[in-house]
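Please open the model in a viewer and keep the selection tool at hand. The tour proceeds from one selection to the next and states what is found at each stop.

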There are 2 protein chains.
Amino acid sequence: MNASERAYAIIRQRILDGTFPPGSQLREEEIAEACGVSRTPVRDAMRRLETEMFVERSDSNRSFVTVWKESDLEELFMLRSVLESHAAERAAKAITADVVDLLKISNNRIAEAIAKETPDIETFLKENATFHELVVGAAASERLAFMISRLVFIPVVYKTAIRYDREELHKSLSDHREITAALEAGDAEWAGAAMKSHIRRAYHAQAKRS
Amino acid sequence: MNASERAYAIIRQRILDGTFPPGSQLREEEIAEACGVSRTPVRDAMRRLETEMFVERSDSNRSFVTVWKESDLEELFMLRSVLESHAAERAAKAITADVVDLLKISNNRIAEAIAKETPDIETFLKENATFHELVVGAAASERLAFMISRLVFIPVVYKTAIRYDREELHKSLSDHREITAALEAGDAEWAGAAMKSHIRRAYHAQAKRS
DNA sequence: AACCCTATTTTTGTATACAATACTGCCTAC
DNA sequence: GTAGGCAGTATTGTATACAAAAATAGGGTT
């Protein structure tokens, strides 16, 4: 792993874990020291983080950790719902039986994870990500996948110490099963609508918690 | 204007005008000399061009001018139609009379430009851009606007020496007028559908030419 | 001729020094 | 007391030198 990537990984990590809180200034030299590299790779990393919307620059080229307002989160989820429901529509037309099977396996793993007396959130999150990646992958559009992946990661910044309630987890699973059924049936409109509804639910669940 | 921006502008220009043709390798030092700056700002500019999809890097970190295949263009237009039609839907709910007036002015300018015996393509393109920017602006989503602006610029790479036929120009104007009517009526579905249709037409017109 | 290996060259990655710009706090003028 | 300007400081921008990695070319082996 080269210096740029190291710097990138460290800065990103610290933004996510709150060491660099939203709105705080990121000084190149300071970070360079913290990462044990020079400013050159740090600048590279910062550029990348900018394009990923983790970092913003002021008009005088100072860098700050992006502050996400409530309205920004709504915007992000709105975009996700537009793009992912479109992905689901495309996937419905192109998906293979193999991938449908993988979706079902993922659904079953989620079912297991949330059936326990203390739900296994880690597995839930991992399988949830897998499910969405499979659907987006089945849509077979590299750039669509790219745009979505950008959007998906951002709100995680605020996901520290979330309490997932049982109800919500089960609704999410039931959404996944409906989307799977729609894809298996090759019904693009159904798949798109189910995905849109699923993501909007996720938004409202998240909004309630914050 | 600082060295980074200068380098950025020069490289971009040369990609667009064909001096750096699709698939050609961009060597940092070579470009640095051509721009009269050092490699440092050139690297900055290259990163930016990468995020804007003008440039791609190989797995060994060499940079090349992006080659757009036919299927890529279709993907880009598909994404534009999804995002811009969504923008039109949002705009229908939020647009003000002032902005509708500006749209009508733009439409009239286009009408004038294409009525001449030799259509004024430059004005057409300028007003076309204005129209779409107004609609996207009325949607009031910074990030949606950002994503669309990224997509819009790319196919221009191939737009050198296009012959626009009269028929096409008139159809485009008539689309714009329909979209304007839908927005004025506040009918989100109509506006979205009209925009989608408009962009798909543009795609097929472009595909025919290439 | 096809293949692998190494030496050379090309290209990118990183550190560092210095230049340019923006920010801060203080002082003066009114 | 406030505004404006003028240090001095902090921060980013750029050039350059050298290090690391990758591509290339050539020679030897089969």
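## The surface near DNA strand C

The surface near DNA strand C has, by class, three nonpolar, eight polar and six charged residues. Here Ala, Val, Leu, Ile, Met, Phe, Trp, Tyr, Cys and Pro count as nonpolar, Asp, Glu, Lys and Arg as charged, and the others, Gly among them, as polar.

Before going on, note that this is a predicted model, in which local features need pLDDT of at least 70, side-chain atom pairs count only at pLDDT 80 or more, and totals for chains, interfaces and linings use all residues. Residues are numbered from 1 along each chain as its sequence is written, while chains are lettered from A and ligands numbered from 1 in the order in which they are written.

Select DNA strand C together with A:N2, A:A3, A:S38, A:S60 and B:N61, which come nearest among the 17 residues around the strand. A residue is near a molecule or strand if its C-beta atom, placed from the backbone, lies within 6 Å of it. Two or more residues of this surface are given by each of α1 (3–16) and α3 (39–51) of chain A and by α2 of chain B. Helices (H or I, at least four residues) and strands (E, at least two) are DSSP runs, numbered from the N terminus. With three residues, α3(A) gives the most to the surface near DNA strand C.

## The surface near DNA strand D

Now select DNA strand D. Which residues come nearest to DNA strand D? Of the 17 residues around this strand, they are A:N61, B:N2, B:A3, B:S38 and B:S60. At least two residues each are supplied by α2 (28–35) of chain A and by α1 (3–16) and α3 (39–51) of chain B. The largest share, four residues, comes from α3(B). The surface near DNA strand D divides into three nonpolar, eight polar and six charged residues.

## Helices of chain B

Next, select α2 (residues 28–35) and α3 of chain B. Two packed helices are described by the angle between their axes and the distance between the axes. For α2(B) and α3(B), the packing angle is about 110° and the axes are 9 Å apart. Axes are lines fitted to C-alpha atoms, for helices over the stretch in contact, and angles run from 0 to 180 degrees between N-to-C directions. The angle therefore makes α2(B) roughly perpendicular to α3(B); angles under 35 degrees count as roughly parallel, over 145 as roughly antiparallel, 65 to 115 as roughly perpendicular and the rest as oblique.

To display this contact, select B:E28, B:E29, B:I31, B:A32 and B:C35 of α2(B), and B:R39, B:V42 and B:R43 of α3(B). Two residues are in contact if their C-beta atoms, placed from the backbone, lie within 7 Å. The contact of α2(B) with α3(B) comprises four nonpolar, no polar and four charged residues.

Keep α2(B) selected and add α1(B). The axes of α1(B) and α2(B) cross at roughly 105° and come within 10 Å. These two helices are therefore also roughly perpendicular to each other. In this contact, B:R6, B:A7, B:I10 and B:I11 of α1(B) meet B:I31, B:A34 and B:C35 of α2(B). By class, the contact of α1(B) with α2(B) has six nonpolar residues, no polar residues and one charged residue.

## The sheets

Turn to the strands of chain A. Three strands form an open sheet in the order β1-β3-β2, with antiparallel pairing. Two strands pair if DSSP finds at least two bridges between them. The edge strands, each pairing on one side only, are β1 (25–26) and β2 (55–57) of chain A. Between β2(A) and β3 (residues 63–65) of chain A, which run antiparallel, there are three bridges. Select A:R57 to find its bridge partner in β3(A), A:S63. Then add α3(A), which lies across β1, β2 and β3 of chain A and runs at about 100° to β2(A).

In chain B, select the open sheet of three strands, ordered β1-β3-β2 with antiparallel pairing. Two bridges link β1(B) and β3 (residues 63–65) of chain B in the antiparallel sense. What is the bridge partner of B:L26 in β3(B)? The partner is B:S63. Across β1, β2 and β3 of chain B lies α3(B), running at about 100° to β2(B).

## The domains of chain A

Finally, colour chain A by its two domains: domain 1 (3–65) and domain 2 (70–209). Domain bounds come from an automatic or database domain assignment. The C-alpha centres of these domains of chain A lie 30 Å apart.
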